[in-house]
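Open your viewer, load the model, and keep the selection box handy. We will go from stop to stop, and at each one you will hear what to select and what is there.

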Number of protein chains: 2
Amino acid sequence: MSATIKDIARKVGVAPSTVSRVLSNKSKYYTSETAEKVKEAARELGYKKNQAAVELVKKQSNVIAAVVSSVKTNFAGQIIDGIQAEASKNGYNLIVVYSNSASAEEQKKALLTVIERPVMGILLLSIALSDDNLELLKESDIPYCFLSMGFDDDRPFVSSDDLEIGYEATNFLIEKGHRKIGLAAIDKYPYTGRLRLAGYKKALSEVNIIPKDSWIQSGDYSYNAGKLAMNAYGKNTELTGIIAASDMAAIGVLNQARNLGLSVPKDLSIISIDGTEMCQIVQPQLTSVSQDFYQMGVVGVRRIEESLAKEPEILDNQQMVPVHINERESTQIQN
Amino acid sequence: MSATIKDIARKVGVAPSTVSRVLSNKSKYYTSETAEKVKEAARELGYKKNQAAVELVKKQSNVIAAVVSSVKTNFAGQIIDGIQAEASKNGYNLIVVYSNSASAEEQKKALLTVIERPVMGILLLSIALSDDNLELLKESDIPYCFLSMGFDDDRPFVSSDDLEIGYEATNFLIEKGHRKIGLAAIDKYPYTGRLRLAGYKKALSEVNIIPKDSWIQSGDYSYNAGKLAMNAYGKNTELTGIIAASDMAAIGVLNQARNLGLSVPKDLSIISIDGTEMCQIVQPQLTSVSQDFYQMGVVGVRRIEESLAKEPEILDNQQMVPVHINERESTQIQN
DNA sequence: CTGAAAGCGCTAACAG
DNA sequence: CTGTTAGCGCTTTCAG
């Protein structure tokens, strides 16, 4: 077994409490002389702090936990980078646990893994919690915040403004002269899809366009959903522009359009939602409404800090991170 | 604060140890009658186990830790899926911490995050540990295993056989009739690149081909490295086939070839190494030597289990996971 | 500045 | 089957 604080104390000839003070940098409470001896002994003994013991007595730790849906989302990495950077800056450690969002049972295990130890906060990345598990989370009294998804109730979250995303994407195409614009692979009913759809309709209605039902092809944001949507539009579609629900969906639309003999952007303009690096490795490169995932991670960590510091009532529970449009090669002016 | 085992004991009128027994499912040691009452009370009180306390006394936990290089690798997710599945099957929990492999300091923090608590094992995903940090890891006495990378020393790892990868990729092109074959974006000196290069040379020498220096363009496996390599080969390259060091590198080669006016696979065949989903979303779809990343995760967990069970001497420290070739659209017969 | 002592929440003998 | 006791490794009063 690893050496303990007592071993060091014995070796140096001081009390365990003194060793603790040195090793926890409670300066002012020891001479640099004893500090040296203690540190020296610690090194020799290969001492490693037992955080379980520390957390047990302090009842808090400096670790932030992120729970991530294991469904492959290519932007999760960016959010995690943001969390990591901000956490590290403030001296927190980050641990992440993956959870298959499909199974409430798996979800619960993931959640318990972090709840059952004194983490300072929990960040949930695009994960749809079951009611039971949400209850579990609330009961834990650990500050939490959802990232990259929103809700109608008062749960704290930080995400992009999905209404704005739908609106901006649509407006971008309108300003390029497009009138018949499709919305592909979007999930119509849950919060995110619903708002994007609303933004789409809003932009359209401002120029007096009423979208046909067939313009809106719902789906699950996946590559395959993109392909299916494009297939449904067909080779002879009246659409001249398409908004894809995600980068992967956009690539699906793009590839299927090509399969159908359509040339992008000549015959069809495509604008994607997300703006991950995927947009830049396909040809033509995809114009996108880009979300600032990194920033979501940063804001999420700050959100946790605030929950710790302030009373719940003062908190601005639901925060939006701005989006911006990256014009690349998949869109062009429509005459 | 959350309720403790004592609160439950008081409420039900039994001893804390009894509560502990019920809650830890030490069946045989209590009547179903008391069990009911205890569980009922636990539910009412919203009891949550304090793992810090458990781990402190048991000196071991059921969590496996994965340390992942935060450099974006699109296969890390697959490895983690494999770890997760196998861990979950055996009742372990997985926590992952991200570490920027560039900074030894960051690395150390990540490592300490997991070493300073009683995890049952540590899996390291394509992370190049500094000497100090490797020492730290060894000292911890926690079983560990590197995944998706190999070493010349006796460190435990599980990876693909990189010599075989280089050999198979090259041989595949040779059998298609190619004679002038390039190797792009590979890191020549470290273990992985060195072995792949050796496999490449071996296959070539078997058919009496000696590669020119210019055929081998080293790089860092990235998209950009792929582009640079293709650019170095140039529009009028004598090569008819190229092996790319990774999927992203292959896409870089592919796009740059197209930029140069070369058609794939008509003018140039490309075979990629990795075989992630990226291969299927580009056009043409990329032929690849596919690694079984998921399996690496699975084997990694088993490796940890074995280290716990057996004496170090008996262990087969370095394990290879088989690769296979997926022929897709980016390669064709060369006359 | 340092030591002694108490205790975080839980489990594991040991008696009964 | 259940209660009593001790203690995991650390921090934190409280004295001195």
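## Two copies and their axis

Start with both protein chains: a turn of 180° with a shift of 0.0 Å along the axis lays chain B on chain A with an RMSD of 0.1 Å. That fit is a least-squares superposition on the C-alpha atoms of residues with pLDDT of at least 70 in both copies. The two copies are thus related as by a two-fold rotation axis. To find the axis from chain B, select B:Ala52, whose C-alpha is the nearest to it in that chain, at 2.3 Å. The same surface serves both copies, as 100% of the contact residues of chain B recur in chain A; contact here means C-beta atoms, placed from the backbone, within 7 Å of each other.

Before moving on, a word on what you are viewing: this is a predicted model, in which local features need pLDDT of at least 70, side-chain atom pairs count only at pLDDT 80 or more, and totals for chains, interfaces and linings use all residues. Residues are numbered from 1 along each chain as its sequence is written, while chains are lettered from A and ligands numbered from 1 in the order in which they are written.

## Where the chains meet

How many residues of chain B are in contact with chain A? Select them and you should have 38, touching 38 residues of chain A. On chain B, two or more residues each come from α4, α5, β2 (93-99), α6 (104-115) and α11. These labels follow DSSP runs numbered from the N terminus, with helices (H or I) of at least four residues and strands (E) of at least two. Color β2(B) next, as it supplies the largest share of this side, 6 residues. By class, the side of chain B that touches chain A has 15 nonpolar, 12 polar and 11 charged residues. In this count Ala, Val, Leu, Ile, Met, Phe, Trp, Tyr, Cys and Pro are nonpolar, Asp, Glu, Lys and Arg are charged, and the others, Gly among them, are polar.

## The DNA strands

Now show DNA strand C and the 27 residues around it; A:Tyr30, B:Thr4, B:Ile5, B:Ser17 and B:Ser20 come nearest. A residue is near a strand if its C-beta atom, placed from the backbone, lies within 6 Å of it. Helices α2 (16-23) and α4 (51-58) of both chain A and chain B each supply at least two residues of this surface, and α4(B) gives the most, with 5 residues. The surface near strand C has 15 nonpolar, 9 polar and 3 charged residues.

Switch to DNA strand D. Of the 28 residues around it, A:Thr4, A:Ile5, A:Ser17, A:Ser20 and B:Tyr30 come nearest. Two or more residues each come from α2 and α4 of chain A and from α2 and α4 of chain B. By class, the surface near strand D has 15 nonpolar, 9 polar and 4 charged residues.

## Inside the protein

Select A:Ala184 and B:Ala184, the residues with the most contacts inside the largest nonpolar core, which has 92 residues. Such a core is a set of buried Ala, Val, Leu, Ile, Met, Phe, Trp, Tyr and Cys residues joined through C-beta atoms within 7 Å. Buried means 20 or more other C-beta atoms within 10 Å of a residue's own, exposed means 12 or fewer, and partly exposed lies in between, with C-beta atoms placed from the backbone. A second, separate core of 90 residues includes A:Ala87, A:Tyr98, A:Val114 and B:Ile304.

B:Ile304 leads you to α13(B), where the buried residues include B:Phe293, B:Val299 and B:Ile304. Among the elements that the buried residues of α13(B) pack against are β1 (63-69) and α5 (76-89) of chain B.

Next, pick B:Gly252 in helix α11 (residues 247-259) of chain B. B:Gly252 counts as buried because it has 28 C-beta neighbours inside 10 Å. Measure to B:Tyr223: the two are 29 residues apart in sequence, yet their C-alpha atoms are 4.7 Å apart.

## Backbone curiosities

Finish in the loops. The peptide bond from A:Gln283 to A:Pro284 is cis, with omega near -5°, and A:Pro284 lies between α12 (278-281) and β10 (287-290) of chain A. The bond from B:Gln283 to B:Pro284 is also cis, with omega near -5°.

Last, select A:Asn25, which has a positive phi of about 55° although it is not a glycine. A:Asn25 sits in the loop between α2 and α3 (32-45) of chain A and is exposed, with 9 other C-beta atoms within 10 Å.

Conventions:
Contact = placed C-beta atoms within 7 Å.
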